[in-house]
Amino acid sequence: MWKLKTVSSLILLTLLSGGALANTSKVIATGGASTIEGAAGGGIVPWAVINGYASSGEWSATAMVTSVSVEDFSLRVVGASLSIDNLFEFSIAKQTFDLDSLGGQLGQDIVGVKYKLAGELLYSAVPQLTLGLQYKRVDDFTIPQAVGAQDDSGLDAYLAASKLFFDTIAGRNLLLNATVRATKANQTGLLGFGNTKDDSYQWVFEGSAALLLTDNLAIGYEYRQKPDPLSFATEDDWQDIFLAWFVNKHLSVVTAYTNLGSIAGYENQQGWYISIEGAL
C-alpha cells in the first residue's frame with residue numbers, strides 16, 4: 001500500500017510547492033499534526049480539528065512519516081490526508097510494528113473520515129466538535145488469532161471536542177481536547193479486534209492539553225485509555241509528553257517521550273516518538 005518512499009516524495013513535493021495554498025486564512029498550528037492513525041490531532045489522540053490549512057471553499061493535502069521506538073518494539077507509520085472546506089477530512093495510514101525482541105512483524109492499514117459537526121476551535125463559545133470513523137485491517141491475522149482476537153478488521157467511531165483558550169497560562173494560549181471512542185481494537189488494532197469470549201464495543205476516553213509557547217511552538221500532554229480484552233497479556237493506557245514545532249504552514253515536526261506501558265507481556269515500554277508532516 002503506502003510506502004515510505006512514496007510519502008517522503010509527497011512531503012518533498014509539498015515543500016517544493018510552497019505557496020500553492022499557503023495564503024489561507026486558517027491560523028498556523030490550528031490544523032494540528034497527524035496521529036499514528038492518520039487523523040489530525042496530537043501523536044496518539046485525534047483532535048476535533050481538520051488537518052491542513054484549508055478554509056471554507058478550499059482544500060488541503062498532507063503527508064507524514066512517523067517513528068516510535070520503545071524498549072522492545074518499534075512502530076513506523078506513513079500516511080496522507082485530504083481536507084475539504086475545513087469540514088471533511090479523509091485519511092489513510094499504513095502501520096508497521098516490528099517485534100524487536102520477539103522477532104517478526106505486525107501491521108495494519110487504516111482508512112479514516114472525519115466530519116466537523118459544530119463549533120470553532122478559536123472564535124466561538126462552542127468547542128469544535130467532530131465525528132470520526134476509522135476502518136482498520138491487519139496485514140496478517142496469524143498472531144492476533146493465536147492470542148485470542150476475534151476478527152482481522154474493525155471500525156472505530158469517535159467524537160472529539162477541541163477548544164483554544166486565549167491568555168490562559170502566563171499570557172499563553174491553551175488548547176484542550178477530549179475524545180470519546182467506541183472500539184474493539186486490541187493494541188489499536190495491531191493485535192486484531194475483539195476476543196473469542198466478548199466481541200462487544202468498549203468506550204474509552206482520550207485527552208490532550210497543549211500550551212502554545214509561541215504562535216508556532218507547543219508543548220503538551222496526551223492520555224489515551226485503551227481496552228484490555230485479551231487474557232494472554234495486560235494492555236495499558238498510553239501517555240506522552242510532546243513538543244510540536246509548526247515551522248510554517250507547509251512543515252511541522254513533533255517529538256515526544258512516550259509511555260506505552262505493558263505490550264504483549266513486555267512491561268514498561270517507554271521511548272521516543274518523532275513525526276514529520278508536510279502540508280499543501
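Me: In this predicted model, what percentage of the 280 residues of the chain count as buried?
Reply: A residue is counted as buried when its relative accessible area is under 20%. Applied to the 280 residues of the chain, this criterion gives a buried share of 54%.

Me: How many helices and how many strands are there in the chain, and what is its radius of gyration?
Reply: The chain holds two helices and 14 strands. For 280 residues the globule rule gives 19 Å, and the chain comes close to that value, so it is as compact as a globular protein of that length. Its C-alpha trace spans about 50 × 40 × 30 Å along the principal axes. The radius of gyration is 18 Å.

Me: In what order do the twelve strands close into a barrel?
Reply: The pairing within the barrel is antiparallel. From one strand to the next, the twist averages 20°. The order is β3-β4-β5-β6-β7-β8-β9-β10-β11-β12-β13-β14.

Me: Which residue in β14 does Ala256 stand opposite?
Reply: Strand β13 covers residues 251-259, and β14 covers residues 270-279. The two strands run antiparallel and are joined by nine bridges. Opposite Ala256 stands Tyr273.

Me: Which strand supplies the largest share of the largest nonpolar core?
Reply: This core has 40 residues, of which Ile36, Trp47, Leu75, Phe97 and Phe242 touch the most other members. Strands β3, β4, β5, β6, β10, β12 and β13 each supply at least two of its residues. The largest share is four residues, and it comes from β12.

Me: How many residues make up the other core, which lies apart from the largest one?
Reply: Among the members of this other core are Val138, Ala149, Ala185 and Phe193. The core lies apart from the 40-residue one. Its number of residues is five.

Me: Is Lys116 buried or exposed?
Reply: Lys116 has its place in strand β6. Its relative accessible area is 10%, and the cut-off for a buried residue is under 20%. Because its value of 10% meets that cut-off, Lys116 is buried.

Me: With which residue does the side chain of Lys116 make a polar contact of 2.9 Å?
Reply: Setting aside residues up to four places away in sequence, Lys116 touches Asn86, Leu87, Gln128, Leu129 and Thr130. The polar contact of 2.9 Å joins two side chains, that of Lys116 and that of Glu120. The partner is therefore Glu120.

Me: What percentage of contacts between residues at least 6 apart in sequence join residues at least 24 apart?
Reply: A contact here requires heavy atoms within 4.5 Å. Among contacts in the chain between residues at least 6 apart, the share joining residues at least 24 apart is 58%.

Technical notes: Residues numbered from 1 in each chain as written. Predicted model: local features only at pLDDT ≥ 70, side-chain atom pairs only at ≥ 80, totals over all residues. Heavy atoms only, no water. Core = buried A, V, L, I, M, F, W, Y, C linked by side-chain atoms within 4.5 Å. Buried < 20%, exposed > 50% of the residue type's maximum accessible area, 1.4 Å probe, protein only. Polar contact = N/O pair within 3.5 Å; in protein donor to acceptor, adjacent residues only side chain to side chain. Pairing = 2+ DSSP bridges. Axes fitted to C-alpha atoms, helices over the stretch in contact; angles between N-to-C directions. Rg over C-alpha atoms; globule rule 2.2 N^0.38 Å.
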